[in-house]
There are 6 protein chains.
Amino acid sequence: MKMSARNHFAGTVAEVKKGQVMAQVTVDIGGGHRIKSAIFSESVDDLALKPGDKVTAVIKSTDVIIFKD
Amino acid sequence: MKMSARNHFAGTVAEVKKGQVMAQVTVDIGGGHRIKSAIFSESVDDLALKPGDKVTAVIKSTDVIIFKD
Amino acid sequence: MKMSARNHFAGTVAEVKKGQVMAQVTVDIGGGHRIKSAIFSESVDDLALKPGDKVTAVIKSTDVIIFKD
Amino acid sequence: MKMSARNHFAGTVAEVKKGQVMAQVTVDIGGGHRIKSAIFSESVDDLALKPGDKVTAVIKSTDVIIFKD
Amino acid sequence: MKMSARNHFAGTVAEVKKGQVMAQVTVDIGGGHRIKSAIFSESVDDLALKPGDKVTAVIKSTDVIIFKD
Amino acid sequence: MKMSARNHFAGTVAEVKKGQVMAQVTVDIGGGHRIKSAIFSESVDDLALKPGDKVTAVIKSTDVIIFKD
(Lines give C-alpha, C1' and ligand atoms only; values in the text may rest on other atoms or scores of the structure.)
Protein backbone atom coordinates (compact mmCIF):
# COMPACT_ATOMS: atom_id res chain seq x y z
CA MET A 1 0.00 0.00 0.00
CA LYS A 2 1.20 3.48 -0.86
CA MET A 3 0.05 6.81 0.54
CA SER A 4 0.14 10.42 -0.65
CA ALA A 5 1.65 11.61 2.66
CA ARG A 6 5.39 12.00 2.12
CA ASN A 7 6.80 11.79 5.64
CA HIS A 8 7.00 8.34 7.29
CA PHE A 9 9.17 7.63 10.30
CA ALA A 10 9.52 4.06 11.55
CA GLY A 11 10.24 3.86 15.26
CA THR A 12 9.44 2.42 18.64
CA VAL A 13 6.82 3.71 21.08
CA ALA A 14 8.72 5.26 24.02
CA GLU A 15 5.81 6.54 26.10
CA VAL A 16 2.01 6.61 26.11
CA LYS A 17 0.17 9.13 28.31
CA LYS A 18 -3.59 8.55 28.20
CA GLY A 19 -6.17 11.15 29.21
CA GLN A 20 -9.96 10.85 29.16
CA VAL A 21 -10.29 11.79 25.49
CA MET A 22 -6.81 12.53 24.14
CA ALA A 23 -3.47 10.76 24.50
CA GLN A 24 0.13 11.80 23.98
CA VAL A 25 2.29 9.18 22.25
CA THR A 26 6.06 9.54 21.98
CA VAL A 27 7.88 7.58 19.28
CA ASP A 28 11.64 7.11 19.19
CA ILE A 29 12.72 7.18 15.53
CA GLY A 30 16.45 6.78 16.17
CA GLY A 31 19.30 9.23 15.61
CA GLY A 32 18.27 11.03 18.80
CA HIS A 33 14.92 12.03 17.27
CA ARG A 34 11.56 11.65 18.98
CA ILE A 35 8.16 12.40 17.50
CA LYS A 36 5.17 13.25 19.66
CA SER A 37 1.62 12.69 18.53
CA ALA A 38 -1.76 13.80 19.88
CA ILE A 39 -4.37 11.13 19.16
CA PHE A 40 -7.60 9.87 20.72
CA SER A 41 -7.23 7.62 23.75
CA GLU A 42 -9.67 5.44 21.82
CA SER A 43 -6.99 5.04 19.12
CA VAL A 44 -4.43 4.02 21.74
CA ASP A 45 -6.83 1.29 22.83
CA ASP A 46 -7.76 0.28 19.29
CA LEU A 47 -4.09 -0.12 18.29
CA ALA A 48 -3.19 -1.47 21.77
CA LEU A 49 -0.29 1.03 21.78
CA LYS A 50 2.32 0.47 24.48
CA PRO A 51 6.04 1.19 24.97
CA GLY A 52 8.19 -1.02 22.80
CA ASP A 53 5.68 -1.32 19.94
CA LYS A 54 7.04 -0.94 16.43
CA VAL A 55 5.08 1.86 14.75
CA THR A 56 5.32 4.39 11.93
CA ALA A 57 4.61 8.10 12.42
CA VAL A 58 3.12 9.73 9.32
CA ILE A 59 2.95 13.48 8.59
CA LYS A 60 1.35 15.26 5.62
CA SER A 61 3.72 17.76 3.97
CA THR A 62 1.13 20.55 4.24
CA ASP A 63 1.66 20.36 8.02
CA VAL A 64 5.42 21.02 8.00
CA ILE A 65 6.70 24.55 8.77
CA ILE A 66 10.25 25.61 7.80
CA PHE A 67 12.39 27.87 10.02
CA LYS A 68 15.65 29.50 8.99
CA ASP A 69 18.02 31.62 11.10
CA MET B 1 12.51 31.32 22.14
CA LYS B 2 10.41 28.26 22.93
CA MET B 3 7.41 26.93 21.06
CA SER B 4 4.47 24.68 21.93
CA ALA B 5 5.04 22.48 18.84
CA ARG B 6 6.95 19.41 20.01
CA ASN B 7 8.59 18.15 16.82
CA HIS B 8 11.66 20.03 15.55
CA PHE B 9 14.09 18.55 13.05
CA ALA B 10 17.27 20.42 12.19
CA GLY B 11 18.53 19.68 8.70
CA THR B 12 19.76 20.91 5.37
CA VAL B 13 17.61 21.91 2.40
CA ALA B 14 18.09 19.22 -0.27
CA GLU B 15 15.69 20.47 -2.93
CA VAL B 16 13.31 23.35 -3.64
CA LYS B 17 10.65 23.01 -6.32
CA LYS B 18 8.79 26.28 -6.85
CA GLY B 19 5.39 26.54 -8.53
CA GLN B 20 3.28 29.66 -9.13
CA VAL B 21 1.71 29.62 -5.68
CA MET B 22 3.01 26.59 -3.79
CA ALA B 23 6.47 25.11 -3.40
CA GLN B 24 7.80 21.71 -2.33
CA VAL B 25 10.82 21.85 -0.02
CA THR B 26 12.81 18.74 0.89
CA VAL B 27 14.94 18.81 4.03
CA ASP B 28 17.61 16.20 4.82
CA ILE B 29 17.54 15.65 8.60
CA GLY B 30 20.25 12.98 8.67
CA GLY B 31 20.00 9.28 9.52
CA GLY B 32 18.56 8.66 6.06
CA HIS B 33 15.48 10.75 6.88
CA ARG B 34 14.01 13.42 4.62
CA ILE B 35 11.09 15.71 5.42
CA LYS B 36 9.00 17.29 2.68
CA SER B 37 7.04 20.48 3.21
CA ALA B 38 4.36 22.27 1.17
CA ILE B 39 4.69 26.02 1.66
CA PHE B 40 3.97 29.18 -0.34
CA SER B 41 6.48 30.05 -3.06
CA GLU B 42 6.32 33.48 -1.41
CA SER B 43 7.78 31.89 1.74
CA VAL B 44 10.60 30.33 -0.29
CA ASP B 45 11.44 33.82 -1.55
CA ASP B 46 11.03 35.47 1.84
CA LEU B 47 13.39 32.97 3.50
CA ALA B 48 15.60 32.83 0.38
CA LEU B 49 15.47 29.03 0.67
CA LYS B 50 17.95 27.13 -1.46
CA PRO B 51 19.74 23.77 -1.33
CA GLY B 52 22.40 23.70 1.38
CA ASP B 53 20.57 26.07 3.75
CA LYS B 54 20.49 25.08 7.39
CA VAL B 55 16.83 24.96 8.45
CA THR B 56 14.52 23.42 11.03
CA ALA B 57 11.31 21.58 10.12
CA VAL B 58 8.59 21.97 12.75
CA ILE B 59 5.46 19.81 13.11
CA LYS B 60 2.59 20.16 15.59
CA SER B 61 1.81 16.91 17.41
CA THR B 62 -1.87 17.11 16.44
CA ASP B 63 -0.72 16.50 12.84
CA VAL B 64 1.07 13.18 13.48
CA ILE B 65 -0.73 9.90 12.66
CA ILE B 66 0.45 6.59 14.16
CA PHE B 67 0.41 3.31 12.17
CA LYS B 68 0.95 -0.14 13.63
CA ASP B 69 1.14 -3.47 11.80
CA MET C 1 -2.21 -2.56 9.58
CA LYS C 2 -4.13 -0.21 11.83
CA MET C 3 -3.86 3.57 12.11
CA SER C 4 -4.73 6.14 14.77
CA ALA C 5 -6.65 8.31 12.26
CA ARG C 6 -10.34 7.52 12.70
CA ASN C 7 -11.86 8.58 9.39
CA HIS C 8 -11.35 6.27 6.38
CA PHE C 9 -13.45 6.48 3.24
CA ALA C 10 -13.03 3.88 0.54
CA GLY C 11 -13.87 5.18 -2.91
CA THR C 12 -12.97 5.63 -6.53
CA VAL C 13 -10.86 8.42 -8.01
CA ALA C 14 -13.22 10.63 -10.05
CA GLU C 15 -10.81 13.35 -11.16
CA VAL C 16 -7.14 14.29 -10.95
CA LYS C 17 -6.05 17.87 -11.69
CA LYS C 18 -2.27 18.19 -11.65
CA GLY C 19 -0.41 21.49 -11.26
CA GLN C 20 3.33 22.11 -11.14
CA VAL C 21 3.63 21.36 -7.42
CA MET C 22 0.17 20.59 -6.07
CA ALA C 23 -2.68 18.45 -7.35
CA GLN C 24 -6.41 18.26 -6.64
CA VAL C 25 -7.79 14.73 -6.37
CA THR C 26 -11.52 14.04 -6.17
CA VAL C 27 -12.68 10.73 -4.73
CA ASP C 28 -16.23 9.41 -5.07
CA ILE C 29 -17.09 7.60 -1.82
CA GLY C 30 -20.65 6.68 -2.78
CA GLY C 31 -23.95 7.88 -1.35
CA GLY C 32 -23.56 11.09 -3.34
CA HIS C 33 -20.45 12.06 -1.35
CA ARG C 34 -17.20 13.27 -2.88
CA ILE C 35 -13.97 14.04 -1.02
CA LYS C 36 -11.39 16.43 -2.41
CA SER C 37 -7.75 16.28 -1.45
CA ALA C 38 -4.80 18.63 -1.99
CA ILE C 39 -1.61 16.60 -2.37
CA PHE C 40 1.74 16.96 -4.13
CA SER C 41 1.73 16.26 -7.88
CA GLU C 42 4.71 14.10 -6.97
CA SER C 43 2.36 11.92 -4.90
CA VAL C 44 -0.05 11.61 -7.83
CA ASP C 45 2.86 10.29 -9.88
CA ASP C 46 4.18 8.06 -7.12
CA LEU C 47 0.77 6.42 -6.61
CA ALA C 48 0.01 6.59 -10.35
CA LEU C 49 -3.37 8.06 -9.44
CA LYS C 50 -5.93 8.19 -12.23
CA PRO C 51 -9.73 8.18 -12.55
CA GLY C 52 -11.18 4.77 -11.71
CA ASP C 53 -8.51 3.83 -9.14
CA LYS C 54 -9.73 2.30 -5.91
CA VAL C 55 -8.38 4.42 -3.06
CA THR C 56 -9.05 5.32 0.56
CA ALA C 57 -9.25 8.91 1.81
CA VAL C 58 -8.01 9.27 5.39
CA ILE C 59 -8.66 12.23 7.72
CA LYS C 60 -7.37 12.82 11.26
CA SER C 61 -10.15 13.73 13.70
CA THR C 62 -8.31 16.86 14.84
CA ASP C 63 -8.98 18.25 11.33
CA VAL C 64 -12.80 17.95 11.44
CA ILE C 65 -14.90 21.03 12.25
CA ILE C 66 -18.53 20.69 13.39
CA PHE C 67 -21.26 23.14 12.30
CA LYS C 68 -24.75 23.32 13.76
CA ASP C 69 -27.64 25.52 12.68
CA MET D 1 -22.87 31.45 2.96
CA LYS D 2 -20.15 29.66 1.02
CA MET D 3 -16.81 28.39 2.28
CA SER D 4 -13.49 27.51 0.66
CA ALA D 5 -13.37 24.09 2.41
CA ARG D 6 -14.58 21.50 -0.10
CA ASN D 7 -15.70 18.62 2.11
CA HIS D 8 -19.05 18.96 3.91
CA PHE D 9 -20.93 16.02 5.36
CA ALA D 10 -24.40 16.52 6.78
CA GLY D 11 -25.24 14.04 9.51
CA THR D 12 -26.54 13.34 12.97
CA VAL D 13 -24.52 13.38 16.18
CA ALA D 14 -24.21 9.77 17.35
CA GLU D 15 -22.03 10.22 20.42
CA VAL D 16 -20.36 12.95 22.46
CA LYS D 17 -17.53 12.07 24.87
CA LYS D 18 -16.45 15.12 26.89
CA GLY D 19 -13.12 15.38 28.69
CA GLN D 20 -11.77 18.29 30.73
CA VAL D 21 -10.42 20.17 27.70
CA MET D 22 -11.09 18.08 24.60
CA ALA D 23 -14.13 16.16 23.40
CA GLN D 24 -14.70 13.39 20.87
CA VAL D 25 -17.77 13.84 18.69
CA THR D 26 -19.04 11.08 16.40
CA VAL D 27 -21.30 12.04 13.49
CA ASP D 28 -23.32 9.53 11.47
CA ILE D 29 -23.35 10.73 7.87
CA GLY D 30 -25.35 7.81 6.48
CA GLY D 31 -24.31 5.06 4.09
CA GLY D 32 -22.56 3.33 6.97
CA HIS D 33 -20.09 6.22 7.35
CA ARG D 34 -19.18 7.87 10.63
CA ILE D 35 -16.91 10.88 11.09
CA LYS D 36 -15.09 11.51 14.36
CA SER D 37 -13.97 14.96 15.41
CA ALA D 38 -11.68 16.23 18.17
CA ILE D 39 -12.90 19.61 19.39
CA PHE D 40 -12.81 21.63 22.61
CA SER D 41 -15.31 20.60 25.29
CA GLU D 42 -16.03 24.32 25.35
CA SER D 43 -17.27 24.02 21.74
CA VAL D 44 -19.52 21.11 22.70
CA ASP D 45 -21.07 23.38 25.34
CA ASP D 46 -21.24 26.40 23.06
CA LEU D 47 -23.05 24.42 20.34
CA ALA D 48 -25.00 22.41 22.94
CA LEU D 49 -24.00 19.28 20.99
CA LYS D 50 -25.86 16.10 21.92
CA PRO D 51 -26.82 12.84 20.23
CA GLY D 52 -29.52 13.37 17.62
CA ASP D 53 -28.44 16.88 16.66
CA LYS D 54 -28.32 17.67 12.95
CA VAL D 55 -24.80 18.90 12.17
CA THR D 56 -22.35 19.23 9.29
CA ALA D 57 -18.77 17.99 9.48
CA VAL D 58 -16.36 20.12 7.44
CA ILE D 59 -12.85 19.14 6.33
CA LYS D 60 -10.28 21.22 4.43
CA SER D 61 -8.85 19.39 1.41
CA THR D 62 -5.27 19.99 2.57
CA ASP D 63 -6.06 17.59 5.45
CA VAL D 64 -7.06 14.59 3.32
CA ILE D 65 -4.50 11.80 2.69
CA ILE D 66 -4.96 9.33 -0.18
CA PHE D 67 -4.04 5.63 0.14
CA LYS D 68 -3.86 3.16 -2.71
CA ASP D 69 -3.16 -0.57 -2.58
CA MET E 1 -25.17 28.84 12.48
CA LYS E 2 -22.47 28.06 15.02
CA MET E 3 -19.23 26.19 14.49
CA SER E 4 -16.81 24.31 16.74
CA ALA E 5 -13.79 26.23 15.34
CA ARG E 6 -12.98 29.00 17.81
CA ASN E 7 -11.05 31.50 15.70
CA HIS E 8 -13.03 33.71 13.29
CA PHE E 9 -11.66 36.90 11.81
CA ALA E 10 -13.91 39.13 9.74
CA GLY E 11 -12.04 41.11 7.14
CA THR E 12 -11.66 42.26 3.57
CA VAL E 13 -9.88 40.40 0.77
CA ALA E 14 -6.70 42.35 -0.01
CA GLU E 15 -5.16 40.12 -2.66
CA VAL E 16 -5.88 36.93 -4.60
CA LYS E 17 -3.06 35.09 -6.38
CA LYS E 18 -4.37 32.17 -8.43
CA GLY E 19 -2.22 29.28 -9.61
CA GLN E 20 -3.28 26.22 -11.62
CA VAL E 21 -4.45 24.26 -8.58
CA MET E 22 -3.79 26.37 -5.48
CA ALA E 23 -4.39 30.02 -4.67
CA GLN E 24 -3.06 32.43 -2.06
CA VAL E 25 -5.67 34.70 -0.52
CA THR E 26 -4.73 37.61 1.76
CA VAL E 27 -7.37 39.00 4.11
CA ASP E 28 -7.02 42.31 5.93
CA ILE E 29 -8.61 41.88 9.36
CA GLY E 30 -7.83 45.39 10.62
CA GLY E 31 -5.50 46.53 13.38
CA GLY E 32 -2.59 46.04 11.01
CA HIS E 33 -3.24 42.26 10.84
CA ARG E 34 -3.36 40.24 7.65
CA ILE E 35 -4.22 36.55 7.34
CA LYS E 36 -3.01 34.46 4.41
CA SER E 37 -4.79 31.34 3.29
CA ALA E 38 -3.87 28.53 0.88
CA ILE E 39 -7.01 27.23 -0.82
CA PHE E 40 -7.93 25.62 -4.13
CA SER E 41 -8.19 27.97 -7.12
CA GLU E 42 -11.48 26.17 -7.62
CA SER E 43 -12.64 27.62 -4.29
CA VAL E 44 -11.62 31.12 -5.39
CA ASP E 45 -13.84 30.66 -8.44
CA ASP E 46 -16.68 29.07 -6.49
CA LEU E 47 -16.76 31.95 -3.98
CA ALA E 48 -15.92 34.50 -6.70
CA LEU E 49 -13.25 35.87 -4.35
CA LYS E 50 -11.77 39.22 -5.32
CA PRO E 51 -10.14 42.18 -3.55
CA GLY E 52 -12.66 44.14 -1.53
CA ASP E 53 -14.88 41.17 -0.69
CA LYS E 54 -16.08 40.91 2.89
CA VAL E 55 -15.03 37.48 4.19
CA THR E 56 -14.30 35.62 7.41
CA ALA E 57 -11.13 33.62 7.97
CA VAL E 58 -11.65 30.60 10.22
CA ILE E 59 -8.96 28.60 12.01
CA LYS E 60 -9.32 25.47 14.17
CA SER E 61 -7.58 25.80 17.54
CA THR E 62 -5.64 22.56 16.99
CA ASP E 63 -3.76 24.42 14.23
CA VAL E 64 -2.44 27.26 16.41
CA ILE E 65 1.16 27.11 17.71
CA ILE E 66 2.27 29.27 20.66
CA PHE E 67 5.75 30.87 20.82
CA LYS E 68 7.25 32.53 23.87
CA ASP E 69 10.58 34.35 24.17
CA MET F 1 14.85 33.79 12.63
CA LYS F 2 12.26 33.62 9.85
CA MET F 3 9.58 31.01 9.29
CA SER F 4 7.53 29.83 6.31
CA ALA F 5 4.25 30.15 8.25
CA ARG F 6 2.68 33.47 7.23
CA ASN F 7 0.34 34.25 10.11
CA HIS F 8 1.88 35.56 13.35
CA PHE F 9 -0.11 37.33 16.03
CA ALA F 10 1.66 38.88 18.99
CA GLY F 11 -0.47 38.99 22.10
CA THR F 12 -0.91 38.32 25.79
CA VAL F 13 -2.04 35.05 27.35
CA ALA F 14 -5.55 35.65 28.74
CA GLU F 15 -6.36 32.18 30.03
CA VAL F 16 -4.82 28.72 30.40
CA LYS F 17 -7.04 25.69 31.03
CA LYS F 18 -4.96 22.56 31.62
CA GLY F 19 -6.31 19.04 31.30
CA GLN F 20 -4.45 15.75 31.79
CA VAL F 21 -3.05 15.67 28.26
CA MET F 22 -4.33 18.71 26.39
CA ALA F 23 -4.64 22.37 27.32
CA GLN F 24 -6.66 25.29 25.98
CA VAL F 25 -4.74 28.56 25.76
CA THR F 26 -6.46 31.87 24.96
CA VAL F 27 -4.34 34.73 23.62
CA ASP F 28 -5.55 38.32 23.44
CA ILE F 29 -4.10 39.85 20.26
CA GLY F 30 -5.73 43.26 20.64
CA GLY F 31 -8.43 44.94 18.55
CA GLY F 32 -11.01 42.77 20.29
CA HIS F 33 -9.49 39.59 18.82
CA ARG F 34 -8.72 36.44 20.78
CA ILE F 35 -7.02 33.32 19.47
CA LYS F 36 -7.54 29.93 21.09
CA SER F 37 -5.02 27.15 20.80
CA ALA F 38 -5.12 23.43 21.67
CA ILE F 39 -1.67 22.28 22.78
CA PHE F 40 -0.22 19.63 25.08
CA SER F 41 -0.36 20.39 28.81
CA GLU F 42 3.31 19.38 28.63
CA SER F 43 3.90 22.39 26.37
CA VAL F 44 2.15 24.69 28.84
CA ASP F 45 4.58 23.46 31.49
CA ASP F 46 7.60 23.61 29.19
CA LEU F 47 6.87 27.23 28.23
CA ALA F 48 5.62 28.04 31.76
CA LEU F 49 2.55 29.64 30.12
CA LYS F 50 0.40 31.77 32.40
CA PRO F 51 -1.96 34.73 32.03
CA GLY F 52 -0.07 37.93 31.23
CA ASP F 53 2.73 36.24 29.28
CA LYS F 54 3.75 37.88 26.03
CA VAL F 55 3.44 35.25 23.28
CA THR F 56 3.00 34.89 19.55
CA ALA F 57 0.33 32.67 17.98
CA VAL F 58 1.43 31.18 14.65
CA ILE F 59 -0.82 29.62 12.00
CA LYS F 60 0.14 27.94 8.73
CA SER F 61 -1.81 29.32 5.75
CA THR F 62 -2.90 25.82 4.70
CA ASP F 63 -5.01 25.76 7.89
CA VAL F 64 -7.08 28.88 7.13
CA ILE F 65 -10.61 28.50 5.70
CA ILE F 66 -12.36 31.40 3.95
CA PHE F 67 -16.11 32.07 4.32
CA LYS F 68 -18.12 34.50 2.24
CA ASP F 69 -21.79 35.44 2.59
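# Pairings between the chains

Lys68(B) counts as buried because its relative accessibility is 16%, where buried stands for under 20% relative accessible area, exposed for over 50% and partly exposed for what lies in between, with a 1.4 Å probe and protein chains only. This is a predicted model, in which local features need pLDDT of at least 70 and side-chain atom pairs count only at pLDDT 80 or more, while totals for chains, interfaces and linings use all residues. Residues are numbered from 1 along each chain as its sequence is written, chains are lettered from A and ligands numbered from 1 in the order in which they are written, and side-chain values use heavy atoms, with hydrogens and water left out.

The side chain of Lys68(B) meets that of Asp53(A) in a salt bridge, at 2.9 Å from N to O; the term stands for a side-chain nitrogen of Lys or Arg within 4 Å of a carboxyl oxygen of Asp or Glu. This pair crosses between chains, for Lys68(B) belongs to strand E6 (residues 64–68) of chain B, whereas Asp53(A) sits in the loop between helix H1 (41–47) and strand E5 (54–59) of chain A. Helices (H or I, at least four residues) and strands (E, at least two) are DSSP runs, numbered from the N terminus. With a relative accessible area of 8%, Asp53(A) is buried too.

In chains C and D there is a pair of the residues Lys68(C) and Asp53(D), whose side chains meet in a salt bridge of 2.9 Å, N to O. Here the link runs from strand E6 (residues 64–68) of chain C, which holds Lys68(C), to the loop between helix H1 (41–47) and strand E5 (54–59) of chain D, which holds Asp53(D). Both Lys68(C) and Asp53(D) are buried.

Chain E offers a further view, since Asp53(E) forms a salt bridge with Lys68(F), in which the closest N and O atoms are 2.9 Å apart. Asp53(E) also has a partner within its own chain, Lys50(E), with the closest N and O atoms 2.8 Å apart. Asp53(E), at 8% relative accessibility, counts as buried, while Lys50(E), with a relative accessible area of 45%, is partly exposed.

The interface of chain E with chain F brings 32 residues of chain E into contact with 32 residues of chain F, contact being heavy atoms within 4.5 Å. Between them the two chains bury about 2,900 Å², of which 63% is on carbon and sulfur atoms; this is the accessible area (1.4 Å probe) lost on putting two parts together, summed over both. On the side of chain E, the residues that lose the most area to chain F are Ile66(E), Phe67(E) and Lys68(E), which together account for 23% of what that side buries. The interface of chain E and chain F has 2 salt bridges. The strands of chain E that give two or more residues to the side touching chain F are E2 (7–18), E3 (22–30), E4 (33–40), E5 (54–59) and E6 (64–68). Of these elements, E4(E) gives the most, with 7 residues.

How are chains E and F related to one another? A turn of 180 degrees, with a shift of 0.0 Å along the axis, lays chain E on chain F with an RMSD of 0.0 Å, the fit being by least squares on C-alpha atoms of residues with pLDDT of at least 70 in both copies. The two copies are therefore related as by a two-fold rotation axis. Both copies use the same surface, as 100% of the contact residues of chain E recur in chain F.

Chain E also meets chain C, and there the relation is another one. Chain E is superposed on chain C, with an RMSD of 0.0 Å, by a rotation of 120 degrees with 0.0 Å of shift along its axis. This is the relation of a three-fold axis. At this interface, 13 residues of chain E are in contact with 18 residues of chain C, and the two chains bury about 1,300 Å² between them, 61% of it on carbon and sulfur atoms. The rule finds 1 salt bridge across this interface, and the side chains of Lys36(C) and Glu42(E) meet in such a bridge, at 2.8 Å from N to O.

Elsewhere in the assembly, a network of salt bridges links Lys2(A), Arg6(A), Lys36(B), Glu42(C) and Asp46(C). Over all chains, the count by this rule comes to 42 salt bridges.

A last residue to visit is Ser37(B), which has its place in strand E4 (residues 33–40) of chain B. Ser37(B) counts as buried, at 0% relative accessibility. Leaving aside residues up to four places away in sequence, Ser37(B) touches Ser61(A), Val64(A), Ile66(A), Ala23(B), Gln24(B), Val25(B) and Phe40(C). A polar atom of the side chain of Ser37(B) lies 2.7 Å from the backbone oxygen of Val64(A).

Key
A polar contact is a pair of N or O atoms within 3.5 Å; within protein, one must be able to donate a hydrogen and the other to accept it, and residues adjacent in sequence count only if both atoms are side-chain atoms.
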